[in-house]
Amino acid sequence: TGESGTGKELVARSLHALSSRRAGPFVPVDCAALPEPLLESELFGHERGAFTGAVVRKNGLLAEADGGTVFLDEVTELSTGLQSKLLRVLEERKLRRVGGTALLDVNIRLIAATNAPLEAAVADGAFRPDLYYRLNVVQLVVPPLRCRRDDIPLLAHTFLAQYARSLGREPPRTSPEACDALERHSWPGNVRELRNLCQRIVVFDEDGLVTMADLPEPLRGWSAPAAAGQAALPPYEEARTAAMTQFQTSYLRRLLAQHDGNVSRAARAAGLSRRTLHRWLEADAAASSPRSNP
């Protein structure tokens, strides 16, 4: 479960790739993309002549995934009729093609995803409770990007490098101010929004450096000067210390992201000692710990 764009399919693919079924197929199905009659045929297959246009027998995606994993995205979009048929497949490990009579053995592992609370759908009568309890063996919650801000520099670095390679370019560097803006953004579109922004940055990049000017207005807005009459400025030394700490944290995270977390390479590139970077890391970890933010 998780908001749209958090990477639920990526989690499912990782589970498949790390499992004993990795040699089998991984079959993703978007349950919201197809109307019910077509989705039923896509999932279960059909016999020749089962309906108008069914000129040949067709294996469904469940049969195609035999020995592997089926990923049902937006599983709450399944009709109650399809939910019943899917439950029977999971319980009996057999399926029947549309228009057919024979039961076919099928060996699949099912991973289902939704961005809506399944419990609410069950309470509303939109989702069968027996299927819910059958699916809900292990529930993994993929948190939104705003709840894992430490991932943002690493993800941005990865996406920038990927899109730059696809265009035959060097990955652009990110200024500390732009990196801070990325970390402070709420990311309503989650990882998908960040990935698309990185693609846009690479496409329009001219100087190999991502600055505040390269970011869209919603990301630049947070850094606008406070309006007159708002909270008074703190004493100079206090403000200077806070600004330096913020810069140090942002610079450290971006530096490590550019060097894949290798402290030795990062220290050499920055002209700093490994001891200094380790001291900064310890300070950053202490500031980020729950006990430091009562």
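Reader: By the salt-bridge rule, what does the count come to?

Author: This is a predicted model, in which local features need pLDDT of at least 70 and side-chain atom pairs count only at pLDDT 80 or more, while totals for chains, interfaces and linings use all residues. Residues are numbered from 1 along each chain as its sequence is written, and side-chain values use heavy atoms, with hydrogens and water left out. A salt bridge is a side-chain nitrogen of Lys or Arg within 4 Å of a carboxyl oxygen of Asp or Glu. By this rule the count is 11.

Reader: How far apart are the closest N and O atoms in the salt bridge of Glu-47 with Arg-57?

Author: Glu-47 is buried at 17% relative accessible area, and Arg-57 is exposed at 54%; buried means under 20%, exposed over 50% and partly exposed in between (1.4 Å probe, protein chains only). Both residues lie in the loop between strand 2 and strand 3 (58-59), so the pair ties together parts 10 residues apart in sequence. Helices (H or I, at least four residues) and strands (E, at least two) are DSSP runs, numbered from the N terminus. In this salt bridge the closest N and O atoms are separated by 2.9 Å.

Reader: Which residue is linked with Glu-47 and Arg-57 in a network of salt bridges?

Author: Glu-47 and Arg-57 form a salt bridge with each other. The network that holds this pair also includes Arg-97.

Reader: Which side chain of opposite charge is nearest to Lys-8?

Author: Lys-8 is found in helix 1 (residues 8-17), and its side chain reaches the backbone oxygen of Glu-3 at 3.1 Å. Lys and Arg count as positive and Asp and Glu as negative, while His and the chain ends are not counted. Lys-8 is buried yet has no salt bridge; at 4.8 Å, the nearest side chain of opposite charge is Glu-74.

Reader: Which helix supplies the largest share of the largest nonpolar core?

Author: A nonpolar core is a set of buried Ala, Val, Leu, Ile, Met, Phe, Trp, Tyr and Cys residues joined through side-chain atoms within 4.5 Å. The largest one has 28 residues, and Leu-43, Leu-78 and Phe-127 are among those that touch the most other members. Strand 1 (26-30), helix 2 (36-44) and helix 6 (129-135) are among the elements that each supply at least two residues. The largest share, 5 residues, comes from helix 4.

Reader: Which residue follows helix 2 with a positive phi?

Author: The buried residues of helix 2 include Leu-39, Leu-43 and Phe-44. After helix 2 comes a residue whose phi is positive, near 80°: Gly-45.

Conventions. Polar contact = N/O pair within 3.5 Å; in protein donor to acceptor, adjacent residues only side chain to side chain.
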